[in-house]
Amino acid sequence: MAQPIKIHRLSETMGAEIIGVDLNDLDDATFDQINQAYLKYQMLCIRNQDLKPAAMVQFSERFGDVLPHDNLKFTLDTHPKILVLSNDVDANGNQIGVIDAGDAWHSDHQFKEHPANCTILYSVKNPSRGGHTDFANMYNAYDALPERTKTQILKLRGHHSISKLKNKRVEISGARKDAIEFYKRQEREIPDVTHPLVRVHPVTGRKSLYCSPRFTIAIEGNGLSTEDADTLLDELIAHSIKTEFRYRHVWHDGDVVMWDNRCTNHRATGGYEYPDIRHLYRTTVEGEATS
């Protein structure tokens with residue numbers, strides 16, 4: 001029997017919170033409710049969790065294959081499928097987690113042939129100020145485009161790269177040690193890919209705008225000049241982050257937040273400094289290849 005959970009919208013734009021569920025002990029009927037809410041609202045916050053690492057992995061695997069992380073240095077020792085995001089340091093002053101994850105608008109693993117389905121974050125500790133996450137509804141962003149623009153981009157593809165060194169629209173964080181070598185290594189190991197600018201969700205069938213300032217470095221197709229393609233990409237990015245498509249999530253300890261990368265963009269907003277600690281666990285579930 002499904003647990004008597006409560007689901008409430010977080011905003012008119014997107015998102016819902018779920019109360020009354022324990023992800024450490026999740027039956028199939030309750031999972032089905034969560035999954036349907038996930039597809040409907042695009043982003044979920046499951047409140048008041050004391051989530052064990054093994055249970056986090058098990059919950060994530062209900063949505064698909066949990067991907068290995070590109071940054072293996074900061075995976076959890078006991079559960080390598082979990083990545084630690086943190087600005088905390090150990091007794092020797094060494095970073096214990098990724099310190100600058102998600103600092104520009106993006107969709108996770110947009111730089112891979114199989115971009116991410118969902119990303120799941122478990123909030124262990126939040127700072128006293130800042131540390132929020134912004135989300136953008138890319139269904140709504142596409143729906144609001146002029147018809148002539150929808151026609152123009154229908155057959156175009158975005159060119160995506162993991163390397164910030166190739167991308168004039170983002171900055172390299174000064175907090176990341178050995179950043180240049182890190183991105184050069186990623187360039188060698190992870191080749192660039194292209195995906196349609198108009199993405200059709202494999203489950204809902206809805207169209208969304210699929211580009212971001214973090215990973216989309218160019219537009220290809222239909223004989224566009226480099227200059228025209230660059231202008232178009234700037235216009236699409238500016239459109240996608242308009243206020244009317246956005247929701248800001250203010251975290252609480254024990255929040256489990258998940259979102260559908262196939263139809264949303266997101267960014268970390270920062271605004272906190274050590275010794276004010278933000279510490280989270282992350283899993284990423286593989287999605288489908290785009291057509």
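The following conversation concerns the sheets, cores and one loop residue of a predicted model.

Q: Which strands form the eight-strand sheet, and in what order?
A: The order is β1-β2-β3-β14-β6-β16-β5-β4, in an open sheet with mixed pairing. Its edge strands, β1 and β4 (75-76), each pair on one side only.

Q: How many bridges join β3 to β14?
A: Four bridges join these strands, and they run antiparallel. Within this pair, Leu44 stands opposite Met258 in β14.

Q: Which strands does α1 touch when it packs on that sheet?
A: Helix α1 touches β1, β2, β3, β6 and β14, and its direction makes about 135 degrees with that of β3.

Q: And what about α2: which strands does it touch?
A: Helix α2 also packs on the sheet, where it touches β3, β4, β5, β6, β14 and β16. The direction of α2 makes about 105 degrees with that of β5.

Q: Moving on to the interior, how many residues are in the largest nonpolar core?
A: That core has 31 residues, and those with the most contacts inside it are Leu23, Ile34, Leu44, Phe59 and Phe63. Elements that give two or more residues to this core include α1 (28-41), α2 (53-61), β5 (79-86) and β6 (116-125). The largest share, six residues, comes from α1.

Q: What is Leu44 in contact with, leaving aside its neighbours within four places in sequence?
A: Leu44 is in contact with Ala16, Ile18, Ile34, Ala37, Tyr38, Val256, Val257 and Met258.

Q: How many residues are in the other core?
A: The other core, which lies apart from the largest one, has 19 residues, among them Leu145, Ile153, Leu197 and Ile237.

Q: Turning to the three-strand sheet, what is its order?
A: This open sheet has the order β13-β7-β15, with antiparallel pairing. The edge strands are β13 (246-249) and β15 (264-268), each of which pairs on one side only. On average, neighbouring strands here are turned by 20 degrees against each other, direction ignored.

Q: How many bridges join β7 to β13?
A: Strand β7 (residues 133-137) is joined to β13 by four bridges, and the two run antiparallel. Ala136 stands opposite Arg246 in β13.

Q: A different topic: where is Ser11?
A: Ser11 is in the loop between β1 (6-9) and β2 (16-19).

Q: Does Ser11 count as buried or exposed, and why?
A: Ser11 counts as buried because its relative accessibility is 16%, and buried means under 20%.

Q: Which backbone oxygen does its side chain reach?
A: The side chain of Ser11 reaches the backbone oxygen of Met14 at 2.7 Å.

Note on methods:
Residues are numbered from 1 along each chain as its sequence is written. This is a predicted model: local features need pLDDT of at least 70, side-chain atom pairs count only at pLDDT 80 or more; totals for chains, interfaces and linings use all residues. Side-chain values use heavy atoms; hydrogens and water are left out. Two strands pair if DSSP finds at least two bridges between them. Axes are lines fitted to C-alpha atoms, for helices over the stretch in contact, and angles run from 0 to 180 degrees between N-to-C directions. Buried means under 20% relative accessible area, exposed over 50%, partly exposed in between (1.4 Å probe, protein chains only). A polar contact is a pair of N or O atoms within 3.5 Å; within protein, one must be able to donate a hydrogen and the other to accept it, and residues adjacent in sequence count only if both atoms are side-chain atoms. A nonpolar core is a set of buried Ala, Val, Leu, Ile, Met, Phe, Trp, Tyr and Cys residues joined through side-chain atoms within 4.5 Å. Contact means heavy atoms within 4.5 Å.
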